[in-house]
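This report examines the pockets of one protein chain and one of its helices. Please study the sequence and the model shown below before reading on.

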Amino acid sequence: MNPSTGNQTLTLTGLRFNASLGILESEKVEPQPIQVDAELCLGRQPLLPRDDEINHVLDYRKVRQIIIDECTAEHVNLLETLIGKLSHRLMQLPGVLGTRIKIAKLEIFADCEVAIRMETGHWGATQAAQGEQP
């Protein structure tokens with residue numbers, strides 16, 4: 001048997017930039033470095049796109065920019081709030097069935113990084129999640 005589809009996940013790891021995030025006075029005044037790792041479950045996809053054109057797949061350049069824009073749009077007090085907003089935004093992208101997001105504050109403590117992880121939607125896309133009949 002020659003399978004023609006597979007489960008596809010788009011992954012961005014180690015995306016670093018500064019964001020206004022935190023409850024401390026110093027965090028409210030000066031943006032701090034964060035790192036975002038994101039996985040987007042795209043479910044069952046053809047092994048080959050219908051053609052070799054970017055407009056028929058989820059463009060990871062757009063995903064990267066959405067992450068940066070969402071995390072830098074305004075000051076947010078809590079990591080929990082920021083990860084919820086980002087997860088919600090990424091779930092709105094066409095074809096995204098689930099997200100796994102990790103946001104880390106890289107310099108809040110000298111001896112460790114602090115991170116929050118959130119998983120939303122469907123993973124291991126089943127035929128039922130795709131609306132297909134077995």
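What volume does the second largest pocket have? The second largest pocket has a volume of about 150 Å³. The model is predicted: local features need pLDDT of at least 70, side-chain atom pairs count only at pLDDT 80 or more, and totals for chains, interfaces and linings use all residues. Residues are numbered from 1 along each chain as its sequence is written, and side-chain values use heavy atoms, with hydrogens and water left out.

On a 1 Å grid over the protein atoms alone, a pocket is an open set of points where a 1.4 Å probe fits, with protein on both sides within 12 Å along at least five of seven lines; lining residues have an atom within 4 Å of a point. A volume is the space filled by probe spheres set on the points.

| Pocket | Volume | Nonpolar lining | Polar lining | Charged lining |
|---|---|---|---|---|
| Largest | about 350 Å³ | 10 residues | 5 residues | 2 residues |
| Second largest | about 150 Å³ | 6 residues | 2 residues | 3 residues |

Here Asp, Glu, Lys and Arg count as charged, Ala, Val, Leu, Ile, Met, Phe, Trp, Tyr, Cys and Pro as nonpolar, and the others as polar.

The largest pocket has a volume of about 350 Å³. Among its 17 lining residues, Gln8, Gln45, His56, Val57 and Leu58 are the closest to its centre. Strands (E, at least two residues) are DSSP runs, and β1 (5-19) and β2 (32-46) each give two or more residues to this lining. The lining of the second largest pocket includes Glu27, Lys105 and Phe109.

How values were computed: Helix = DSSP H or I, 4+ residues; strand = E, 2+ residues; numbered from the N terminus.
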